[in-house]
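Here are my notes after a look through this one. I start with the spot that caught my eye and work outwards from there.

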Amino acid sequence: MRNLNLADEGDYSCQNLNPSEKESVTLFVTTAPTIYNITAIQTATAGQYVALACKASGSPTPDIRWRHTRPNNRLPNGIEGEFKKGIHFNITAITLEDRGEYECIASNGVPKAKSEQKKTTFIRMNYEPVVTALTDENPEVKIPDGDSASLTCKSMAFPRPSTNDVLWYLDEVLINDVDGYQVDVVHQLPSEKVDPYDETTYTTLNINVVNSNRTGEYKCQFSNERGSSAATISLQIGEREVIATTPEQ
């Protein structure tokens with residue numbers, strides 16, 4: 001039997017000319033899981049009831065598991081562990097920490113090489129920026145006198161801040177339009193993956209020439225309709241130790 005499908009599943013028997021001499025066998029046809037329906041991207045507000053569902057076909061019938069993959073791995077409703085089992089995943093009163101990407105995993109163990117399939121959905125919530133400075137976890141950057149420098153910050157927020165809502169300060173003095181500085185605002189860095197959920201914004205402050213007048217505490221500030229947040233980077237003259245534009249891994 002070649003090119004089996006589910007219609008071939010069932011009981012088969014063989015017999016010789018004597019009807020009393022008969023043997024039977026049952027054929028089970030296995031197929032890899034296929035997720036054919038998952039809840040689309042939703043927009044929610046704090047305290048709202050949110051229902052997710054994921055349906056899959058396959059033989060044997062696939063098991064369904066859910067996990068929270070962004071911005072954290074914590075499951076809502078006080079559920080312990082990494083996974084929630086079942087087709088339906090209901091969040092009784094969503095919080096800001098519950099927002100983000102949820103992954104549905106359908107698995108049935110057969111065949112081993114294709115025993116599971118994954119698809120994701122997303123719960124979008126408006127929230128104020130969460131800002132980090134991309135300086136290799138070192139808040140102080142040292143640049144030789146006379147060299148150029150680039151300082152980069154990353155914001156996660158929805159809605160994304162507009163270009164006019166991204167500001168840079170040196171020792172609490174606004175420097176966006178000051179000569180010798182150039183501010184870039186983008187939604188993706190070449191070394192970063194594209195954000196499919198439109199939450200990421202990067203800003204880079206390019207300093208043409210580092211001198212004693214341009215050292216101190218730099219602050220990158222992002223704002224949207226929900227609020228503002230900032231991160232700081234200390235720039236000092238010295239032997240170069242950190243490349244400030246290195247993104248987070």
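1. R214 is the residue I'd look at before anything else: the side chain is buried but makes no salt bridge. The nearest side chain of opposite charge belongs to D179, and that is 7.7 Å away. With a salt bridge needing a nitrogen and a carboxyl oxygen within 4 Å, that distance is why I don't pair R214 with D179. Keep in mind that this is a predicted model.

2. How buried is R214? Its relative accessibility is 17%, and the cut-off for buried is under 20%, so R214 counts as buried.

3. What does the R214 side chain have for polar company? One of its polar atoms lies 3.0 Å from the backbone oxygen of V209. V209 is also on the list of residues that R214 touches, along with L170, D179, G180, Y181, I207 and L235; residues up to four places away in sequence are left out of that list. Note that D179 is there too, even though its side chain is 7.7 Å away as a charge partner.

4. As for where this sits, R214 is in the loop between β17 (200-207) and β18 (216-224). G180, one of its contacts, is 34 residues away along the chain, with a C-alpha separation of 9.5 Å.

5. Another R214 contact, L170, leads into a sheet. L170 has V173 of β15 as its bridge partner. Strand β14 (residues 166-170) pairs with β15 in the antiparallel sense, over two bridges. Both strands belong to an open sheet of five, ordered β12-β19-β18-β14-β15, and the pairing is mixed. The edges are β12 (140-143) and β15 (173-174); each has a single partner strand, so one side of each has no neighbour in the sheet.

6. Now for arginines that do find a partner. How many salt bridges does the structure hold? Ten. One of them joins the side chains of R70 and E199, at 2.8 Å from N to O. R70 is in strand β6 and E199 in the loop between β16 (181-186) and β17, so this pair links distant parts of the chain, 129 residues apart. Both ends are buried: R70 has 18% relative accessibility, and E199 has 3%. Set that beside R214, which is buried yet has no salt bridge.

7. Strand β6 (residues 63-70) also holds R65, whose side chain meets that of E116 in a salt bridge, 3.8 Å from N to O. E116 is in strand β10 (residues 116-124), so the pair ties together parts of the chain that lie 51 residues apart. E116 forms a salt bridge with K118 as well, with the closest N and O atoms 3.8 Å apart. R65, E116 and K118 are thus linked in a network.

8. Are the members of that network buried or partly exposed? R65 is partly exposed at 22% relative accessible area, E116 is partly exposed at 39%, and K118 is partly exposed at 43%.

9. Last, confidence. The chain has a mean pLDDT of 88, and 93% of its residues reach 70 or more. The stretch to treat separately is residues 242-249, where pLDDT stays under 50. The model has 25 contacts for that stretch beyond four places in sequence.

Conventions. Residues numbered from 1 in each chain as written. Predicted model: local features only at pLDDT ≥ 70, side-chain atom pairs only at ≥ 80, totals over all residues. Heavy atoms only, no water. Helix = DSSP H or I, 4+ residues; strand = E, 2+ residues; numbered from the N terminus. Buried < 20%, exposed > 50% of the residue type's maximum accessible area, 1.4 Å probe, protein only. Lys, Arg positive; Asp, Glu negative; His and termini not counted. Polar contact = N/O pair within 3.5 Å; in protein donor to acceptor, adjacent residues only side chain to side chain. Contact = heavy atoms within 4.5 Å. pLDDT = per-residue confidence, 0-100. Pairing = 2+ DSSP bridges.
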